[in-house]
Amino acid sequence: MPLFEYKCEKCGKVFEKLIFSTDKEPIRCPVCNSESVSKILSSFSSNLSCPSSGSGFK
Ligand SMILES: [Zn+2]
């Protein structure tokens with residue numbers, strides 16, 4: 001499922017929201033209901049702790 005992180009520009013709340021391809025409603029902050037939210041790039045790269053690159057480790 002496409003799950004994205006958003007940050008409210010008004011109150012600073014960070015929240016996750018499922019985005020569907022047919023989604024046409026604006027993203028709103030669940031706290032203050034503001035539409036001024038910015039999308040946060042997913043941090044999938046930080047989870048990729050691939051051990052194959054650590055040739056000199058240990
Ligand atoms: Zn907010």
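**View 1. Four cysteines coordinate the zinc ion in this predicted model.** The donor atoms are the SG atoms of C8, C11, C29 and C32, at 2.2 to 2.4 Å, where donors are N, O and S atoms within 2.8 Å of the metal (3.2 Å for Na, K and Ca) and water is not among the atoms, so sites may look incomplete. The angles among the four donor atoms run from 105 to 121°, and the site is tetrahedral (four donors with all angles between 85 and 135 degrees). In sequence the donor residues follow the spacing C-x2-C-x17-C-x2-C. Because C11 lies in the loop between strand 1 and strand 2 and C32 in the loop between strand 2 and strand 3, the pair ties together parts that are 21 residues apart in sequence.

**View 2. Strand 1 pairs with strand 2 and with strand 3.** Strand 1 (residues 3–8) and strand 2 (residues 14–18) are antiparallel over five bridges, and strand 1 is also antiparallel to strand 3 (residues 37–40), over four bridges; strands are DSSP runs of E, at least two residues, numbered from the N terminus, and two of them pair if DSSP finds at least two bridges between them. L3 has L18 of strand 2 as its bridge partner, whereas K7 stands opposite S38 in strand 3.

**View 3. R28 and E35 form a salt bridge.** The closest N and O atoms are 2.8 Å apart, a salt bridge being a side-chain nitrogen of Lys or Arg within 4 Å of a carboxyl oxygen of Asp or Glu.

Residues are numbered from 1 along each chain as its sequence is written. Local features need pLDDT of at least 70 and side-chain atom pairs count only at pLDDT 80 or more, while totals for chains, interfaces and linings use all residues, and side-chain values use heavy atoms, with hydrogens and water left out.

Definitions and conventions:
Four donors count as tetrahedral if all angles lie between 85 and 135 degrees; four count as square planar and six as octahedral if opposite donors are over 155 degrees apart and all others between 65 and 115; anything else is irregular.
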